[in-house]
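This report describes a single protein chain, with attention to its charged side chains. The sequence and structure are shown below.

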Amino acid sequence: MRSEQVRQEMTLISELGAAPKSAEGEGLISCCRTAMLNNGLSHYTRALTAAERACEYPQELGFSIVVLPELIEAASRIDKSEKAIDALKMLVKATRCAGTEWALGIEARSFALVSQGEVADRLYREAIDRLGRTTACMESGRACLLYGEWLRRQNRRVEARIQLRVAHQMFVEMGAEVFVERADRELLATGETARKRTVDTRFNLTAQEEQIARLAGNGHTNTEIGAELFISPRTVEWHLRKVFPKLGISSRRELRVALPGSQRLAVLV
């Protein structure tokens, strides 16, 4: 169990990049790892403790934009709203300075965690859209996961499943097992069990992939598909890149032939 946990942790922390070459840097990266891992495990009190410890290190080390979102997520989950809002104020200073899609996507996702109603909905969609235009697959997947969790708690189960399926598949592809399991639990709570990957099924399309493939085969653009399914155009493209080799084709023009009309679309709702 210990070796498996270490493997999962190292997979997750690959998103953080190389650790700074100093004693302080090594301590900081260790706290960041612990915070991310425990958020993935839904151990939010432990995640908050680790994130707060990381915030004690000098900001000059440049990890505030990495650790503050972990603190905000953990604090928001255990009703520590004041801590979450204080951390959000600090985060905004860093994200506005950076001004990148990644930074602004992280900001929107963090704001969503402390927001409600239509504001939260809009912020989650903004986060997914912005992060979907970056190469930060882990953060993009986590945005879909958080949005799916929020939708489920709003009793919008069908919409929740769409986001949770996307997140689950992204985490499977990355090997981020603790987040795969978290997405599994959320899907189960909506009444659906995430599909297990086996030798027999790995080349079959998932429900999400088939739905995207059919829309693309009918001439819809990535932007149109994204708008209909509440995912980013980049996520649509990411799915299509996996659909083509599964179907043995190389272009959108071949989708109609590869997906004949007689084949029913099986989407679990």
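## A buried pair of opposite charge

Glutamate 70 has a relative accessible area of 3%, which is under the 20% limit for a buried residue. The model is a predicted one. The partner of glutamate 70 is arginine 142, and their side chains form a salt bridge with an N to O distance of 2.7 Å. This pair connects distant parts of the chain: glutamate 70 belongs to helix α4 (residues 64–77), arginine 142 belongs to helix α8 (residues 137–153), and 72 residues separate them. Arginine 142 is likewise buried, at a relative accessible area of 1%.

In general, side chains of opposite charge can pair when their charged atoms come close.

## Pairs with greater exposure

A second salt bridge joins arginine 125 to aspartate 121, at 2.9 Å from N to O. Both residues are part of helix α7 (residues 117–132), where a spacing of 4 residues places them about one turn of the helix apart. Arginine 125 is partly exposed, with 32% relative accessibility, whereas aspartate 121 is buried at 10%.

A third salt bridge links the side chains of arginine 133 and aspartate 129, with 2.6 Å between N and O. Here arginine 133 is partly exposed at 41% relative accessibility, and aspartate 129 is also partly exposed, at 28%.

## The salt-bridge network

Several charged residues are joined through shared partners. Glu70, Glu73, Arg77, Arg142, Glu149 and Arg182 form one network of salt bridges. The buried pair of Glu70 and Arg142 described above is thus part of this network. Over the whole structure, the search identifies 21 salt bridges.

## The chain as a whole

The secondary structure consists of 14 helices and 0 strands. Along the sequence, the pattern is therefore α-α-α-α-α-α-α-α-α-α-α-α-α-α, each symbol standing for a helix.

Of the 269 residues in the chain, 50% are buried. Among contacts with a separation of 6 or more, 63% are between residues 24 or more positions apart. The accessible surface of the chain is about 13200 Å², and carbon and sulfur atoms contribute 51% of that area.

Terms used:
Residues are numbered from 1 along each chain as its sequence is written. This is a predicted model: local features need pLDDT of at least 70, side-chain atom pairs count only at pLDDT 80 or more; totals for chains, interfaces and linings use all residues. Side-chain values use heavy atoms; hydrogens and water are left out. Helices (H or I, at least four residues) and strands (E, at least two) are DSSP runs, numbered from the N terminus. Buried means under 20% relative accessible area, exposed over 50%, partly exposed in between (1.4 Å probe, protein chains only). Contact means heavy atoms within 4.5 Å. Accessible areas come from the Shrake-Rupley method with a 1.4 Å probe; for residues, only the protein chains shown count as cover. A salt bridge is a side-chain nitrogen of Lys or Arg within 4 Å of a carboxyl oxygen of Asp or Glu.
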